[in-house]
Amino acid sequence: MKRYRKGTFVLELVMIAVSLVVAFPVYVLVNLAVRPTSDTSSPIRPTTSPTFDNFTQAWQQGGLGGALLNSVLVTVGSVAVILAVSSFAAYPLARSTARWSRGLFLLVMLGLILPFQLAALPLYQTMRDLHLLGTPWALILFHSGLQVPFTTFLYTGFLRALPRDFEDAALIDGCTPAQSFRHVVLPMLRPITVTALVLNTVAVWNDFFTPLLYLSGSTQQTLPVAIAGFVGQYVTDWNLVFAALAISIVPVLAVYFALQRSIISGFAGGLKG
Amino acid sequence: MPAASRDPLPPPAAVVPSRPRDGRPRDGRRRAGSPWWFAVPAMVLFAFVVLVPSARGVYYAFTDWDGLAPDFSFIGFDNFTGLLDDPDAVRAIWHTLLIAVSITVIQNVFGLLLALGVNSLIKTRNVLRVALFAPAVITPIVTAYLWRNLLGPDGAVNSLLGAVGLGSLGQDWLGDPQLALWSIVGVVVWQFGGYSMVIFLAGLQSVPKEIHEAADIDGAGPVRRFWSITRPLLTPALTINLMLSIIGGIKLFDQVYALTGGGPGHATDTLSTLIYKDAFTLGEFGYSVALAVVLTIIVAVASTGQYLALARGERAAS
């Protein structure tokens with residue numbers, strides 16, 4: 001429809017300038033993280049004698065290795081449970097026209113609105129009474145329940161848009177509903193599963209408020225809480241803090257750039273849910 | 001689950017038939033509605049983590065429980081009337097609304113402009129799209145700590161302003177009560193503008209090229225084409241974006257906690273930070289859940305109101 005004109009070139013320059021401004025904090029982050037503490041020149045001046053000392057020091061003193069492992073455990077465990085139970089639940093919600101099914105769907109919609117601050121405090125008491133506070137299991141349990149409404153909502157919307165002819169054929173051929181789900185429905189759920197996987201992984205990995213409550217005082221922190229604790233402890237030594245921040249950002253950005261196509265379409269895919 | 005989904009879609013004939021059950025009808029429609037137990041695991045988790053604690057939260061909002069003592073008494077609406085007399089709470093409600101509305105407006109305008117920019121013919125569009133979205137995947141608490149340093153009096157933002165000759169614009173971005181709230185809004189927009197962009201972009205790419213070409217031939221300029229073609233077809237993307245940013249803005253916690261902790265003074269306290277402080281540092285559990293009930297009502301009103309308004313808009317546009 002259009003060709004590359006002068007105006008397009010100007011737009012190109014403007015967009016590149018905007019992106020550089022957006023990327024500016026990351027530049028400062030890396031610049032200060034590799035700077036020796038003795039260097040007190042302006043934060044935007046490129047560091048002349050880069051060092052990795054801050055990284056090794058932050059890694060050891062912040063206990064970031066253990067925290068990274070805990071974050072992986074909590075994220076993988078939670079997301080596996082969330083996807084399993086939500087895709088299961090969406091099947092009757094999308095296919096049954098019974099009154100209980102519509103009632104349950106409304107309950108799920110209610111779950112989308114309820115802010116977690118309301119449930120977080122009473123649940124804190126329950127977790128304490130069950131002696132689950134301070135363990136990663138509390139977090140897996142918590143995220144699994146918290147993300148169910150949204151994920152079930154995504155799956156149900158997707159399933160409702162799928163034709164049910166294949167399932168009906170399977171049922172007429174004598175499949176049980178469970179077999180029909182396993183062999184017919186599940187393979188068709190792949191696109192929405194990518195979306196649910198991406199959105200839930202990011203939500204659980206990045207969560208700060210819940211581990212702050214449920215793991216407080218424990219040695220088993222997730223990465224965001226470990227970083228917050230580290231910042232509180234070394235608040236005057238920003239080069240060290242920046243190294244810790246960089247350590248937590250690098251794996252996330254590495255995964256993001258490696259899988260950017262699926263991740264971006266995963267985020268945009270929620271649109272159709 | 002992902003392993004199973006890698007199976008190719010089998011033709012219905014390939015599915016292993018089960019033995020017919022005794023006397024149960026083989027009618028597909030009746031049996032399709034039956035697996036209600038599929039929903040049980042999800043609903044048990046949902047009830048344990050969300051529904052039951054939320055209901056208990058509403059109940060505690062009418063008590064004076066401190067969160068620890070074995071006994072407490074029922075005090076009716078005292079927490080809620082007390083809330084209206086508490087200047088901190090009233091201010092926090094105002095800050096919450098101000099932050100939510102500002103983020104919603106600024107982030108969506110910024111996101112839409114970015115989406116239009118990368119949806120053009122520029123050569124760097126793919127690289128820029130990936131780069132501009134990147135902040136949205138980074139842990140918010142981590143970006144907030146990063147910005148806390150950048151926005152400090154000797155931070156990189158003031159240094160950058162100085163380097164381009166605008167040193168006089170330098171500010172104590174987080175220490176000035178007039179500015180701190182807007183700095184928080186700026187950090188959130190920086191992080192999630194790319195998220196709005198991606199959703200708008202998906203909407204823009206769903207607009208068929210032929211319609212634009214036809215309008216071009218009919219003599220419509222770029223502004224006219226945007227207003228008459230793109231804008232109405234963007235409504236679903238706009239619905240999602242407004243919903244995400246308004247609810248995210250109302251619940252905002254991490255960024256406020258890390259950037260200002262609600263300060264300076266109470267200049268940036270929101271409902272979320274006040275709930276946290278009252279429950280865990282002041283031991284006013286009943287009062288804290290009463291604040292959470294107010295937060296719930298605000299979220300519920302905002303999301304249903306917006307849903308209804310946009311559903312009407314969508315019908316009018318189609």
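## A buried ring at the chain boundary

A:Phe209 is buried, with a relative accessible area of 3%. That value falls under the 20% cut-off, so the residue counts as buried. This is a predicted model, and the values here are computed from it.

Which residue pairs with the ring of A:Phe209? Across all chains, the count of aromatic pairs comes to 34. In one of them, the rings of A:Phe209 and B:Phe253 have their centres 4.6 Å apart. Their planes meet at 70°, so the pair is edge-to-face. The pair crosses between chains. A:Phe209 sits in helix H10 of chain A. B:Phe253 sits in the loop between helix H11 (235–251) and helix H12 (254–259) of chain B. B:Phe253 is buried too, at 3% relative accessibility.

## More rings in chain B

B:Trp147 and B:Trp190 also form an aromatic pair. Their centres are 5.4 Å apart and their planes lie at 70°, so this pair is edge-to-face. B:Trp147 belongs to helix H6 (residues 140–150) of chain B, and B:Trp190 to helix H8 (residues 180–205) of chain B. The pair therefore ties together parts that are 43 residues apart in sequence. Both B:Trp147 and B:Trp190 are buried.

Chain B also holds an aromatic cluster. Its members are B:Tyr59, B:Tyr60, B:Phe62, B:Trp65, B:Phe74, B:Phe77, B:Phe80 and B:Phe285.

## Charges over rings

Some rings have a charged side chain over them. The charged end of A:Arg160 sits over the ring of A:Phe105, 4.3 Å from its centre. Another case involves both chains: B:Lys123 lies over the face of A:Tyr4. Here the distance to the ring centre is 3.7 Å.

## Chain B and its helix H6

How many helices and strands are there in chain B? There are 14 helices and zero strands. From the N terminus on, every element in the run is α. Chain B has 318 residues, and 50% of them count as buried. Take the contacts in chain B with a separation of 6 or more: residues 24 or more positions apart account for 66% of them.

Helix H6 of chain B deserves its own look. In H6(B), 10 of the 11 residues are buried, so the helix is largely enclosed by the rest of the structure. The buried residues include B:Pro140, B:Ile141, B:Val142 and B:Thr143. B:Trp147, the partner of B:Trp190, is among them as well.

## Two cavities

The structure holds two cavities of 30 Å³ or more. The largest cavity has a volume of about 60 Å³. Its lining consists of A:Ser71, A:Val74, A:Thr75, A:Leu139, A:His143, A:Val204, A:Trp205, A:Asp207, A:Pro211, A:Thr222 and A:Pro224. Helix H3 (64–95), helix H6 (136–160) and helix H9 (190–206) of chain A each give two or more residues to this lining. H3(A) gives the largest share, three residues. By type, the lining divides into six nonpolar, four polar and one charged.

The second largest cavity holds about 30 Å³ of space. Which residues line the second largest cavity? They are A:Trp205, A:Leu223, A:Pro224, A:Ser248, B:Thr139 and B:Val142. A:Trp205 and A:Pro224 therefore appear in both linings. This lining has four nonpolar residues, two polar and no charged.

## Two residues in their surroundings

A:Ser19 lies in helix H1 (residues 6–33) of chain A. Is A:Ser19 buried or exposed? Its relative accessible area is 8%, so A:Ser19 is buried. Leaving aside neighbours within four places in sequence, A:Ser19 is in contact with B:Leu128 and B:Leu132.

A:Gln220 lies in a loop of chain A, between helix H10 (209–214) and helix H11 (223–233). At 34% relative accessibility, A:Gln220 counts as partly exposed. Leaving aside neighbours within four places in sequence, its contacts are A:Asn70, A:Gly134, A:Thr135, A:Pro136 and A:Leu215. A:Gln220 and A:Ser71 are 149 residues apart in sequence. In space, their C-alpha atoms are 9.6 Å apart. A:Ser71 is also one of the residues that line the largest cavity.

How values were computed:
Residues are numbered from 1 along each chain as its sequence is written. Chains are lettered from A and ligands numbered from 1 in the order in which they are written. This is a predicted model: local features need pLDDT of at least 70, side-chain atom pairs count only at pLDDT 80 or more; totals for chains, interfaces and linings use all residues. Side-chain values use heavy atoms; hydrogens and water are left out. Helices (H or I, at least four residues) and strands (E, at least two) are DSSP runs, numbered from the N terminus. Buried means under 20% relative accessible area, exposed over 50%, partly exposed in between (1.4 Å probe, protein chains only). Contact means heavy atoms within 4.5 Å. Rings of Phe, Tyr and Trp (its six-membered ring) pair if their centres lie within 6.5 Å; planes under 30 degrees apart count as stacked, over 60 as edge-to-face and the rest as tilted. A charge sits over a ring if NZ of Lys or CZ of Arg is within 6 Å of the ring centre and within 35 degrees of the ring normal. On a 1 Å grid over the protein atoms alone, a cavity is a set of points where a 1.4 Å probe fits but cannot get out, and a pocket is an open set with protein on both sides within 12 Å along at least five of seven lines; lining residues have an atom within 4 Å of a point. Grid points are joined across faces, edges and corners, and a volume is the space filled by probe spheres set on the points. Ala, Val, Leu, Ile, Met, Phe, Trp, Tyr, Cys and Pro count as nonpolar, Asp, Glu, Lys and Arg as charged, and the others, Gly among them, as polar.
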